Amino acid sequence: MNRKTPFFLLMFLFAVQGFAQNTEPIGVIETTEGTIYIQLFGETPKHKASFIELATEGYWDSLSFNRVIPNFVAQAGCPDTEEGFNDPDYLLEPEFVKGITHVYGAVGAGRDDNPGKLSARCQFYIVQNKNGLHRLDDNYTVFGQVIKGMDVVDKIVLVKRDSNDEPLTPITLSVKIIQMTKAEIKNMAENLR
């Protein structure tokens, strides 16, 4: 082994570390209707970290989209139950950020009517209304944005559902986190569908 080998190895390790630091975590939701990619916002660090943690643990992988309403939202995660809204391990303080609103494809955290507007971190929804749902701004935390797969969300909200807006045929999920560069994210977002 010549003396340059450790230097090149060290340079390679720095390059790999630099590449890793130039990527961002992206949520990938695989459903029976297709795949949805979500950019998670750094401006909502608690909700971002919570989504990553639950995805990494496989929390949602046994659940489904439990509430789908055309021109409103596709909601997934724990059902609307007292446990989902009252378990302190699954509640988060709201993170309302000026300029991050309920536009088409926004990803928000579900909650009940609690006065502190605490998020039920076990639930998330995707805004399907093309005009947005700005009446929800500053009431529900938006922590991400769909960058690919809104055609999938559009299909999900149109399935046959019962009187509680739950799909008659379950739309199951598998949620994971991948790393993407800013250029890859930008390219995906520019081709939103």
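**Exercise 1. Glu-30 and Lys-176**

Work out how the side chains of Glu-30 and Lys-176 meet, and which parts of the chain they link.

*Solution.* Step 1: the two side chains form a salt bridge, with 3.3 Å from N to O. The term stands for a side-chain nitrogen of Lys or Arg within 4 Å of a carboxyl oxygen of Asp or Glu. A note before we go on: this is a predicted model, in which local features need pLDDT of at least 70 and side-chain atom pairs count only at pLDDT 80 or more, while totals for chains, interfaces and linings use all residues. Residues are numbered from 1 along each chain as its sequence is written, and side-chain values use heavy atoms, with hydrogens and water left out.

Step 2: look up the elements. Glu-30 sits in strand β1 and Lys-176 in strand β10, so 146 residues separate the two partners in sequence. Helices (H or I, at least four residues) and strands (E, at least two) are DSSP runs, numbered from the N terminus.

Step 3: check the surroundings. Glu-30 is partly exposed at 35% relative accessibility, and Lys-176 is partly exposed at 39%. Here buried means under 20% relative accessible area, exposed means over 50%, and partly exposed lies in between (1.4 Å probe, protein chains only).

**Exercise 2. Another link from β1**

How many salt bridges does the structure hold, and which residue is the partner of Glu-24?

*Solution.* Step 1: there are four salt bridges. In one of them, Glu-24 pairs with Lys-182, and their closest N and O atoms are 3.0 Å apart.

Step 2: since Glu-24 belongs to strand β1 and Lys-182 to helix α5, the pair ties together parts 158 residues apart in sequence.

Step 3: compare the two ends. Glu-24 is buried, with a relative accessible area of 17%, whereas Lys-182 is exposed, with 56%.

**Exercise 3. Drawing the sheet**

Write down the order of the strands in the open sheet, then find which strands stand at the edges.

*Solution.* Step 1: eight strands take part, in the order β3-β4-β8-β6-β9-β2-β1-β10, and the pairing is antiparallel. Two strands pair if DSSP finds at least two bridges between them.

Step 2: the edges belong to β3 (64-68) and β10 (173-181); each has a single partner strand, so one side of each lacks a neighbour in the sheet. From one strand to the next, the twist averages 30°.

Step 3: zoom in on one pair. Strands β1 (residues 23-31) and β2 (residues 34-40) run antiparallel and are joined by six bridges. One partnership is that of Thr-31 with Gly-34 in β2.

Step 4: add helices. Helix α2 (residues 45-57) packs on the sheet, and its direction makes about 120° with that of β10. Axes are lines fitted to C-alpha atoms, for helices over the stretch in contact, and angles run from 0 to 180 degrees between N-to-C directions. Helix α5 (residues 182-190) lies across β1, β2, β9 and β10, at about 120° to β10.

**Exercise 4. Thr-44, buried or exposed?**

Decide whether Thr-44 is buried or exposed, and list what it touches.

*Solution.* Step 1: Thr-44 belongs to the loop between β2 and α2. At 0% relative accessibility, Thr-44 counts as buried.

Step 2: the side chain of Thr-44 reaches the backbone oxygen of Phe-41 at 3.2 Å. This is a polar contact (a pair of N or O atoms within 3.5 Å; within protein, one must be able to donate a hydrogen and the other to accept it, and residues adjacent in sequence count only if both atoms are side-chain atoms).

Step 3: leaving out residues up to four places away in sequence, Thr-44 touches Glu-95, Val-97, Thr-141, Val-142 and Phe-143. Contact means heavy atoms within 4.5 Å.

**Exercise 5. The nonpolar cores**

Find how many residues the largest nonpolar core has, and which element gives the most to it.

*Solution.* Step 1: a nonpolar core is a set of buried Ala, Val, Leu, Ile, Met, Phe, Trp, Tyr and Cys residues joined through side-chain atoms within 4.5 Å. The largest has 29 residues, and those with the most contacts inside it include Trp-60, Phe-124 and Ile-156.

Step 2: α4 gives the most to this core, with four residues.

Step 3: a second, separate core has 11 residues, among them Val-73 and Leu-133.
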